[in-house]
Amino acid sequence: MNINKEMWKWTRAPQNFTIAEDKVEIVTAPHTDLWQRTYYHFRNDSAPVLQMKTREKYFSFTVKATSEGKHRFDQCGVAVYFDSENWLKGSAEYENEEYAHLGSVVTVNGYSDWATTEIPAKTKTIWYRLSRRGDDFCIECSFDGKKFSQMRICHMPAATGEVPFGIYACSPEDSSFKATFTDFEFGECKWAAHDGQQPDKQ
């Protein structure tokens with residue numbers, strides 16, 4: 001998938017970035033983040049997000065993200081950003097020399113949650129696959145670009161029509177790093193329809 005600059009739009013464009021046909025590089029600014037209220041009680045809405053939009057109700061978006069982050073909370077990955085109070089993201093956040101937090105955040109009506117698991121800090125490259133089925137989403141990850149594992153299934157009430165999706169990178173503390181995104185793919189939904197218990201009758 002080549003990157004059509006006319007189709008991709010910034011929410012808070014970073015000062016330092018490059019966009020080529022097959023690669024996006026973002027150099028993060030210090031004190032940039034996405035989080036709303038829960039537990040920490042602060043509201044951060046300053047991370048740059050680069051997205052395109054689609055009305056396709058069933059799709060998958062895959063990208064390879066490589067992080068040079070080495071300060072606590074440095075992160076880059078995929079995002080669906082509607083507005084400051086409704087969004088989701090999947091990424092790995094650097095924690096220390098031993099481990100990073102691979103996780104996802106879902107924010108609905110101004111409240112965020114965070115689900116994580118620890119991975120080795122030396123893991124710098126991760127493929128992310130974001131899939132939509134109506135107003136439900138699935139985030140998956142891969143360490144080789146072939147085998148994907150589920151990170152999160154969630155519901156986004158804001159996904160009633162056209163949906164923005166793409167990439168983001170940020171440094172919540174006093175740091176800066178380069179995030180590189182390649183291997184962009186967009187197409188048929190690879191998140192299979194559920195074949196178990198039938199839906200409840202309305």
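Author: Patches here are made of residues with over 30% relative accessible area and no salt bridge, and nonpolar side chains are joined into one within 5 Å. Keep in mind that this is a predicted model.

Reader: OK, which residues make the nonpolar surface patch of about 440 Å²?
Author: Tyrosine 40 is one of them, and this residue lies in the loop between strand S4 (34-36) and strand S5 (43-45). The full set is Tyr39, Tyr40, Phe42 and Trp114.

Reader: Is tyrosine 40 buried, exposed or partly exposed, and at what relative accessible area?
Author: Buried means under 20% and exposed means over 50%. Tyrosine 40 falls between those cut-offs, so the residue counts as partly exposed, with a relative accessible area of 36%.

Reader: Let's go inside. Which residues touch the most other members of the largest nonpolar core?
Author: That core has 38 residues. Phe61 is one of the top group, and among its contacts beyond four places in sequence are Trp8, Val78, Phe165 and Ile167. Two of the top group, Tyr128 and Phe184, also touch phenylalanine 61. The whole group is Val24, Phe61, Leu88, Tyr128, Phe137, Phe181 and Phe184.

Reader: And how many residues are in the second, separate core?
Author: This core includes Trp35, Ala79, Trp87 and Val105. Its count is 10 residues.

Reader: Now the strands. How many bridges join S7 to S16?
Author: Strand S7 covers residues 58-67 and runs antiparallel to S16. At one point along this pairing, serine 67 stands opposite alanine 179. The number of bridges is seven.

Reader: S16 also pairs with S3, right? Which residue of S16 is the bridge partner of valine 27?
Author: Strand S3 (residues 23-27) and strand S16 (residues 178-187) run antiparallel, joined by five bridges. The partner of valine 27 is lysine 178.

Reader: Glutamate 25 caught my eye. Is glutamate 25 buried or exposed?
Author: Glutamate 25 is found in strand S3. Beyond four places in sequence, this residue touches Asn16, Phe17, Thr18, Lys178, Ala179 and Thr180. Its relative accessibility is 18% and the cut-off for burial is under 20%, so glutamate 25 counts as buried.

Reader: Which residue with a charged side chain forms a salt bridge with glutamate 25, its closest N and O atoms 3.5 Å apart?
Author: Side chains of opposite charge can pair when their charged atoms come close. The partner here is partly exposed at 33% relative accessibility, whereas glutamate 25 is buried. That partner is lysine 23.

Reader: How far apart in space are glutamate 25 and methionine 156, C-alpha to C-alpha?
Author: In sequence, the two residues are 131 residues apart. In space, C-alpha to C-alpha, the distance is 28 Å.

Reader: What distance separates N and O in the salt bridge of lysine 190 and glutamate 185?
Author: Lysine 190 counts as partly exposed at 48% relative accessibility, and glutamate 185 counts as partly exposed at 41%. A salt bridge needs the nitrogen within 4 Å of a carboxyl oxygen, and this pair comes in at 3.7 Å.

Reader: Which residues do salt bridges that share partners join into one network?
Author: We've already met the pair of lysine 23 and glutamate 25, and both belong to this network. The members are Lys23, Glu25, Glu68 and Lys178.

Reader: Which residue forms a salt bridge with arginine 43?
Author: The closest N and O atoms of the pair are 2.6 Å apart. It links distant parts of the chain, with arginine 43 in strand S5 and its partner 42 residues away, in the loop between strand S8 (75-83) and strand S9 (86-94). Arginine 43 is partly exposed at 45% relative accessibility, and its partner is partly exposed at 24%. The partner is glutamate 85.

Reader: How many salt bridges does the count come to?
Author: Among them are the pair of arginine 43 and glutamate 85 and the pair of lysine 190 and glutamate 185. The count comes to 11.

Reader: Last one: which residues is histidine 101 in contact with, leaving aside neighbours within four places in sequence?
Author: Histidine 101 is found in strand S10 (residues 99-108). This residue is buried, with a relative accessible area of 14%. Trp114, one of its contacts, is also a member of the nonpolar surface patch. The full list is Ser91, Ala92, Glu93, Glu95, Trp114, Thr116, Thr117 and Glu118.

How values were computed: Residues are numbered from 1 along each chain as its sequence is written. This is a predicted model: local features need pLDDT of at least 70, side-chain atom pairs count only at pLDDT 80 or more; totals for chains, interfaces and linings use all residues. Side-chain values use heavy atoms; hydrogens and water are left out. Two strands pair if DSSP finds at least two bridges between them. Helices (H or I, at least four residues) and strands (E, at least two) are DSSP runs, numbered from the N terminus. Patches are made of residues with over 30% relative accessible area and no salt bridge: like charges are joined within 9 Å, nonpolar side chains (Val, Leu, Ile, Met, Phe, Trp, Tyr) within 5 Å. Accessible areas come from the Shrake-Rupley method with a 1.4 Å probe; for residues, only the protein chains shown count as cover. Buried means under 20% relative accessible area, exposed over 50%, partly exposed in between (1.4 Å probe, protein chains only). A nonpolar core is a set of buried Ala, Val, Leu, Ile, Met, Phe, Trp, Tyr and Cys residues joined through side-chain atoms within 4.5 Å. Contact means heavy atoms within 4.5 Å.
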